Structure formats: C-alpha cells, structure tokens
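Open the model in your viewer and keep the selection tool ready. Where should you look, and what is there?

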Amino acid sequence: MSGTVIEVEGLTKRYGDNDAVAGIDLSVPRGEVFSFLGPNGAGKTTTVEILEGFRTRTGGSARVLGRDPGTAGADWRARIGIVWQKETMVPKLPVRDVVRHFAGYYPLAHDPDEVVEMVGLAEKAKAMPDSLSGGQRRRLDVALGIIGRPELLFLDEPTTGFDPRARREFWELIQGLAREGTTIVLTTHYLEEAEFLADRVCVIAAGRIRALDTPASLGGRASAQATVAWSEEGERREVRTEEPTRTVAELSARFPGEIPELSVHRPTLEEIYLGMIEDAHVPEETAV
Ligand SMILES: Nc1ncnc2c1ncn2[C@@H]1O[C@H](COP(=O)(O)OP(=O)(O)OP(=O)(O)O)[C@@H](O)[C@H]1O
C-alpha cells in the first residue's frame, strides 16, 4: 500500500500561555523512517502523542493512517505500535508469556517466539521482566511495540541504555521493519541514530520546525564548506573550502610524499544540529 501515512497542517498545542507546539506542518509517506530531533521541551513528545491519539490538539489538522487520531477507535489503534519513553507496564510473567499476552490484543500479531528472537531476547525468554538489565528491558518494550505487526511504529528514545552492540542490532531490526514497509516515527537525542536510520530528520525547537531534510542535506550540510588541515614548518595550517579535492591536489603537488597530518573534515550532523539550536535561541541549559 502506498500513500501518505501522516499529514499534519498548522498543528498547535497550548498549555496555559505556553505554545508547546506552535504551528507544525508535515507529511510522512508510507515506508519512511522519519526522525524528530530537538532539545528538551521542544515539543516532540507533545506532537507525537497528538499523532498517537493520546493528547488533544488546540488547533490545526492531523490525519494518521487516514483518520483523525483525536477520534479514531480501536481498529485504528491496532494498526499502530508504540515504544514509549517510559517502560511499558507488563504482567508478572516470563518474557515469552508477556509477549504472548500482548499478541492476544492484535488481530494480525506476529508469532511471539519469533519476536522474542528478533529483539535478541531468546536467551531470556523464560526470565521475569524485573530480572532483565536496562537494555534487555528496553528490548522487551520494543517487542511489545512490534508484536501487533504495526503499519506505523512510534519509537520514543528507544535505545536509551543500550550498549553499542545492542544499539547496532536494534538499528538493523528497525531497518528490516522499514524494508518490509513499516512507517517509523523515531524520536531520539542520539544524532548518530537519526543519521543511521532516518530517511528524513525534522528538527523542532520551541514548538516549531527549524529544518526538515535528509540527514546528509540538513542545514545545507551537503554543500557546507570542508576544512582541510595539515602541518607545515612546525605549524598547523587549515583552509575552509567548497573544493577540498582541489586543495588536497595542490598540497599533494607541494609535498614530496605524504602531506603531513592531513585531515579533511565536513560538518557532522551534530555540528549542524547544534548550530541550528543556537540559532533558535534556546537557552543552553535546555539544549540536548
Ligand atoms: N501536560 C502538560 N502540561 C503543561 N505543560 C506541558 C505538558 N506537557 C508538556 N508540557 C510543556 O510543553 C513543552 C513541550 O514539551 P514536550 O514534552 O513535548 O517536549 P520534548 O521535545 O518531548 O522534550 P524531551 O526531549 O525532554 O522529551 C514543554 O515546555 C513542557 O513543559
């Protein structure tokens, strides 16, 4: 099935005199991995929870899987998976039985044993949830988010507490789901996670979209100047240029062998992101 999964226009949410969401427009096509980035208090969770149907909006329109999330019912909810920022409440049962229990809520659920395997918990299938490590407990949350074979999966800071290998395995799991056509909305504070997983990144600050682009092009990153640095006559030299290859070729002609301590640096997603957040005049203590 093709088409648009999320369509939002002029979305607002006001708490007292605080515009938590101050007019957001966005559209997410089926099969996309769409990531929200932004400092604490930017309005990401508020936006996502409106889309999940767990918060009311003050203004604007929202369509998710063709329905208004403010009024859509249980059949719509069964098509959505959510991995919350906080641990999902689970019954006091072994991991495998918890997943089996949640599978019972969905008409098209995956095989629970397969999902336990998919999230890397096969060895812990008989363990009680409160005996799991932080990262393993998070994997159980992910299992419960995907057990219903959702068309649209919301992931709110899903890899908090994961060790690097577990994070990499999780990314591969999410890539696999995306390849199968699941649309994924990811909220994260890990820039490398957004860069690895997201087709597009939406930077939100103070309730507004500051940028929406692919990770490679965000904030003019693709065409941003590179810094070529090297050492010469005991000093560190550097040039900022849009043509680093030409600079390296010129240096190569000047030096007989290796160019001493050559480095070519393009802005990372993190540098671009931090620059945007500064431009948005967000107080430092609330930034990522
Ligand atoms: N229930 C609420 N009542 C009043 N204000 C709220 C409520 N929920 C959120 N806010 C305010 O709305 C703004 C946006 O909060 P939100 O939780 O959406 O931010 P966020 O981008 O998800 O932040 P974080 O990265 O810390 O999770 C903040 O100023 C917050 O204090």
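Select the ligand. Around the ligand sit Tyr-15, Asn-18, Ala-20, Gly-38, Asn-40, Gly-41, Ala-42, Gly-43, Lys-44, Thr-45 and Thr-46. Each has its C-beta atom, placed from the backbone, within 6 Å of the ligand. This is a predicted model: local features need pLDDT of at least 70, side-chain atom pairs count only at pLDDT 80 or more, and totals for chains, interfaces and linings use all residues. Numbering starts from 1 along each chain as its sequence is written.

Color that shell by class. Three residues are nonpolar, seven polar and one charged; Gly counts as polar here.

Next, select β2 (18–29) and α1 (44–51). Each supplies at least two residues of the shell. Which element gives the most to the shell? It is α1, with three residues.

Now show the whole protein chain. It has nine helices and 12 strands, taken as DSSP runs (helices H or I, at least four residues; strands E, at least two). The C-alpha trace spans about 70 × 50 × 40 Å along its principal axes.

Of the 288 residues, 34% count as buried, with 20 or more other C-beta atoms within 10 Å of their own.

Go inside. The largest nonpolar core (buried nonpolar-type residues such as Ala, Val and Ile, joined through C-beta atoms within 7 Å) has 62 residues. Val-99, Val-115, Ala-143, Ile-184 and Val-203 have the most contacts inside it. Both domain 1 (4–216) and domain 2 (220–281) give this core at least three residues; the bounds come from an automatic or database domain assignment.

Finish on Ala-143. Leaving out residues up to four places away in sequence, Ala-143 touches Val-99, Val-115, Val-116, Val-119 and Leu-121, with C-beta atoms within 7 Å.

Definitions and conventions. A residue is buried if 20 or more other C-beta atoms lie within 10 Å of its own, exposed if 12 or fewer, and partly exposed in between; C-beta atoms are placed from the backbone. Two residues are in contact if their C-beta atoms, placed from the backbone, lie within 7 Å.
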